[in-house]
Amino acid sequence: MTQSLAVDIDTLRTACAAGQPRHDWTRAEIAALFALPFNDLLFLAQQVHRTHFDPNEVQVSTLLSIKTGGCPEDCAYCPQSAHFDTGVTAEKLMDLEATLAAARAARANGASRFCMGAAWRSPKDRDLDRICAMISGVKALGLETCATLGMLDADQARRLREAGLDYYNHNLDTSPEYYGEIISTRTYRDRLDTLANVRDAGMKVCCGGIVGLGEQTEDRIGLLHSLAILPAHPESVPINMLVQVEGTPLQGTEKPDGIEFVRTIAVARIIMPESMVRLSAGREQMSEELQALCFLAGANSIFLGDRLLTTKNPDRDRDAALFAKLGLEPMPYATAEQRSAEAAE
Ligand code: SAM
Ligand code: DTB
Ligand code: SF4
């Protein structure tokens, strides 16, 4: 018997609404979700969201650039690449005390997770001692730890895990087909290999992508498909809206439609029902209404604090006002920790 490639959307909707994770998604199914009438898509995303999460809680992470600029990679979106003149100057790895002071401030401001980012292709073994000390120090403050340091081999991943690293962020960014248009200094396979090393070392995965790279809907489908067919769904899925930075090749790229962005969030929520979906970079440029639609579509995590790595994020007062208007609460640390423990079982 030949199998039909056509997707029966009513059957798919009924199956999705139950909120059970699957790893055998086809691109055709994901495309069918993208093509749903907007109201139907958001309703389905809310149904799925409510099977696993309190719809009024948002997990809050704070980001710190511990090693800024001078990166040898050529990611066309990134202000930290040494290939482009963006005005970001290369700095050395931050010292331990300054990092811990930033983590204490983040905790005081309600963050449950502290994410340390470095503009590296991959960490040098000589830097890992200080990185491991930072991780242990942040963990001792009672925060979840996350790092994004570029590619890792199996041994580096193991060392980070032993130091207490909970999450590793490593994005696929876009579809496998479009990847080569954006980055030439590494491959999709390299990214998947690092993700496997992170998993094998026992860490949780934070992996997502960017909307606004000049990609087509097909590439957003390809990105979400690559994430959803991983052996385990990433526990965190950051969806970034490109922050356009003067000097990068993508400066001036046509901005994607906000509704397309919301659709991307909603489909991520539906196909990875147990993951935290992070409304990540780009909030500074978004209206309150667009952010509210993203939360309605199932986003339940943000970066809080007036800086991302090198670009602006909304300041705390603006986010506090938005949370108050929408009746949102920061996810208590205990809940975030408990969810992480459950996911690890
Ligand atoms: N160098 C490491 C790496 O690439 O994995 C870690 C830091 S890198 C800045 C982390 C992620 O930030 C990238 O994978 C990309 O998804 C996101 N990013 C970088 N520049 C961005 C921009 N201008 N707008 C939106 N997201 C961006
Ligand atoms: C992610 O997906 N987005 C964050 C975090 N992971 C490391 C980084 C956004 C960077 C935006 C550009 C900048 O501030 O330099
Ligand atoms: Fe380097 Fe990461 Fe920026 Fe790419 S995204 S240039 S790897 S810091």
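The following paragraphs describe three ligand sites in a predicted model and several residues that belong to them or stand elsewhere in the chain.

In this predicted model, local features need pLDDT of at least 70 and side-chain atom pairs count only at pLDDT 80 or more, while totals for chains, interfaces and linings use all residues. Residues are numbered from 1 along each chain as its sequence is written, chains are lettered from A and ligands numbered from 1 in the order in which they are written, and side-chain values use heavy atoms, with hydrogens and water left out.

Ligand 1 is surrounded by 17 residues, of which Thr 148, Asn 171, Asp 173, Arg 191 and Val 243 come nearest; a residue is near a molecule if one of its heavy atoms lies within 4 Å of it. By class, this shell holds 10 nonpolar, five polar and two charged residues, where Ala, Val, Leu, Ile, Met, Phe, Trp, Tyr, Cys and Pro count as nonpolar, Asp, Glu, Lys and Arg as charged, and the others, Gly among them, as polar. Polar contacts are pairs of N or O atoms within 3.5 Å; within protein, one must be able to donate a hydrogen and the other to accept it, and residues adjacent in sequence count only if both atoms are side-chain atoms. A polar side-chain atom of Asn 171 is 2.9 Å from an oxygen atom of ligand 1, and a side-chain N or O atom of Arg 191 is likewise 2.9 Å from an oxygen atom of ligand 1. The backbone contributes through an N or O atom of Ala 118, 3.3 Å from a nitrogen atom of the ligand. Taken alone, ligand 1 exposes 550 Å², and the protein buries 91% of that (Shrake-Rupley method with a 1.4 Å probe; for residues, only the protein chains shown count as cover).

Two of the residues named above merit a closer view. Asp 173 lies in the loop between strand 4 (167–169) and helix 7 (176–182); helices (H or I, at least four residues) and strands (E, at least two) are DSSP runs, numbered from the N terminus. Its relative accessibility is 3%, so Asp 173 counts as buried, a term that means under 20% relative accessible area, with exposed over 50% and partly exposed in between (1.4 Å probe, protein chains only). Phi of Asp 173 is near 70°, a positive value in a residue other than glycine. Most residues other than glycine have a negative phi. Thr 148 belongs to strand 3 (residues 144–148) and counts as buried because its relative accessibility is 17%.

Around ligand 2 there are 14 residues, the closest being Asn 171, Asn 240, Leu 309, Thr 310 and Thr 311. Its shell divides into seven nonpolar, seven polar and no charged residues. Oxygen atoms of ligand 2 lie 2.9 Å from a polar side-chain atom of Asn 240, 3.0 Å from a backbone N or O atom of Leu 309 and 2.7 Å from a side-chain N or O atom of Thr 310. On its own, ligand 2 has 400 Å² of accessible area, of which the protein covers 89%.

Ligand 3 has around it Cys 71, Glu 73, Cys 75, Tyr 77, Cys 78, Ser 81, Ala 119, Trp 120 and Arg 186. These divide into six nonpolar, one polar and two charged residues.

Thr 253 is found in the loop between strand 7 (236–241) and helix 10 (258–271). A polar atom of its side chain lies 2.5 Å from the backbone oxygen of Leu 250, and Thr 253 is buried, with a relative accessible area of 18%.
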